[in-house]
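Below are some notes for a colleague who has not worked with this structure before. Please read them with the model open.

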Amino acid sequence: MKRLLILTLGAFVWQTTEILPIGLLPQIASDLSVSESHVGLLVTGYAWLVAFSAIPLTVLTERFDRRVLVLVLLTGLTGANFLAAFVPNYPTLVILRAVVAFGHGIFWSIIASLATRLAPDIPKSRATAWAFAGIALALVGGIPCATAIGLWSGWRSAFGAGAILGGIALITAALFLPSMPARQSTAIGHGLRRQPALFHISVVTALIITAHFCGYTYVAPLLDRVAGVPAGRLPLLLLAFGVAGLTGNGLGGWLASHPSRTVLIASLGIIMSQGLITLVNPAPALAWIEMVAWGASASLLVVGLQSWVLELAPDNADTASSLYVAAFNFGIGAGALSGGITLDTVGLRAIAGIGAGIGVLALIVFFAGSRRPARFEI
């Protein structure tokens, strides 16, 4: 279990780093003299670099000892976060985000298979849920704390805190992770062509994650200027989102024996949460309900999707996961981009409505594909 917690900590730092700009979007924009939509591109560009690099970089590193690979990835993450605390301008921050993004795709492609190797005596879905608990914990503690630190002492301090946590993850991994030689060949074309259901999952993943991040990338201004939440309560609402996410992650570990059902429930939760923000007039009290439902659904979705992938490709987990990671991060980038375009052309209130609409499209694709392979049972 101690080794699984190392993966949890690593996942926590990666997830916090990936979406850290979201909670501090106005502060970064003001300090670096760029627009809020440009800061949103720090999420979009990061995600698309992960999307396009995850598969080739996972293949390129397939023969690396997994312990060595994790240490290299955590070293890059820690160094980039440290340097981000001192960037003089926006382009430099973009470069550092790119460095982290290249490592991100590899880390998320191998984490599920690492979890099952480190804890062979517990169900795969439970081991995966433990590793992916880092995502929920990032939403519970990482993003709210980073936002609070940024509001209190500047956004650069938030990146500095990320560097410290990355260093802790690196040290613990060096001390406690065993040697884990690579044990599979990631023959992309041969292995995945025999599992067309994986490509269906990837399309569903890309669409529902686009729906989620269309609204979530701009959650700070949405809560402030649409839901009417005072700015000082933003960290608390993000905390509520994260606590609910931790609950959703736990449920995902128990429900993962029916991953398609888990994905369906989570997708409906994301759609309804964004729909409420769009339809209801400013109501700070209702915002708490929306964020709790949204947070639980988002974490449940991550565990459900990853469990679905592992169920379909248990003998080619890293390769299958890299396809899933690519689709997931394409969705993050597409969501942030579509939200930014909506912000600049239609207005802030329309963002959550667009997100909900994309979510409905994801459900249509979900049900269209579920009628074909027998393993897509609802």
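1. The structure, which is a predicted model, holds one salt bridge. The partners are R156 and D31, whose closest N and O atoms are 3.2 Å apart. This counts as a salt bridge because the cut-off between a side-chain nitrogen of Lys or Arg and a carboxyl oxygen of Asp or Glu is 4 Å.

2. Where do the two partners R156 and D31 sit in the chain? R156 belongs to helix α7 (residues 155-176) and D31 to helix α2 (residues 25-32). The pair links distant parts of the chain, as 125 residues separate the two. Buried means under 20% relative accessible area and exposed over 50%, so R156, at 26%, is partly exposed. D31 has a relative accessible area of 42% and is therefore partly exposed as well.

3. Helix α4 covers residues 66-84. Its 19 residues should span 27 Å at 1.5 Å a residue, and the end C-alpha atoms are 27 Å apart, so expectation and model agree. At the N-terminal end, D65 acts as a cap: one of its side-chain oxygens lies 2.8 Å from the backbone nitrogen of R67.

4. Which residues of α4 are buried? They are R66, L69, V70, L71, L73, L74, L77, T78, A80, N81 and A84. The list includes the charged residue R66 and the polar residues T78 and N81.

5. N81 deserves a separate look. This residue of α4 has a relative accessible area of 2%, so it counts as buried. Leaving aside residues up to four places away in sequence, N81 touches V13, T17, F159, G160, G162 and A163.

6. How many aromatic pairs does a search of the whole structure find? The search gives 12. One of them joins F213 and Y216, with 5.9 Å from centre to centre and 85° between the planes. The pair is edge-to-face because its angle is over 60 degrees.

7. F213 and Y216 are both part of helix α9 (residues 196-216). They stand three residues apart, about one turn of the helix. Are these two residues buried or exposed? F213 has 4% relative accessibility, so it counts as buried. Y216 is at 3%, so it is buried too.

8. The F213 and Y216 pair is part of a cluster. Ring pairs link these two residues with F241 and W294.

How values were computed: Residues are numbered from 1 along each chain as its sequence is written. This is a predicted model: local features need pLDDT of at least 70, side-chain atom pairs count only at pLDDT 80 or more; totals for chains, interfaces and linings use all residues. Side-chain values use heavy atoms; hydrogens and water are left out. Helices (H or I, at least four residues) and strands (E, at least two) are DSSP runs, numbered from the N terminus. Buried means under 20% relative accessible area, exposed over 50%, partly exposed in between (1.4 Å probe, protein chains only). Contact means heavy atoms within 4.5 Å. The expected span of a helix is 1.5 Å times one less than its number of residues. A polar contact is a pair of N or O atoms within 3.5 Å; within protein, one must be able to donate a hydrogen and the other to accept it, and residues adjacent in sequence count only if both atoms are side-chain atoms. Rings of Phe, Tyr and Trp (its six-membered ring) pair if their centres lie within 6.5 Å; planes under 30 degrees apart count as stacked, over 60 as edge-to-face and the rest as tilted.
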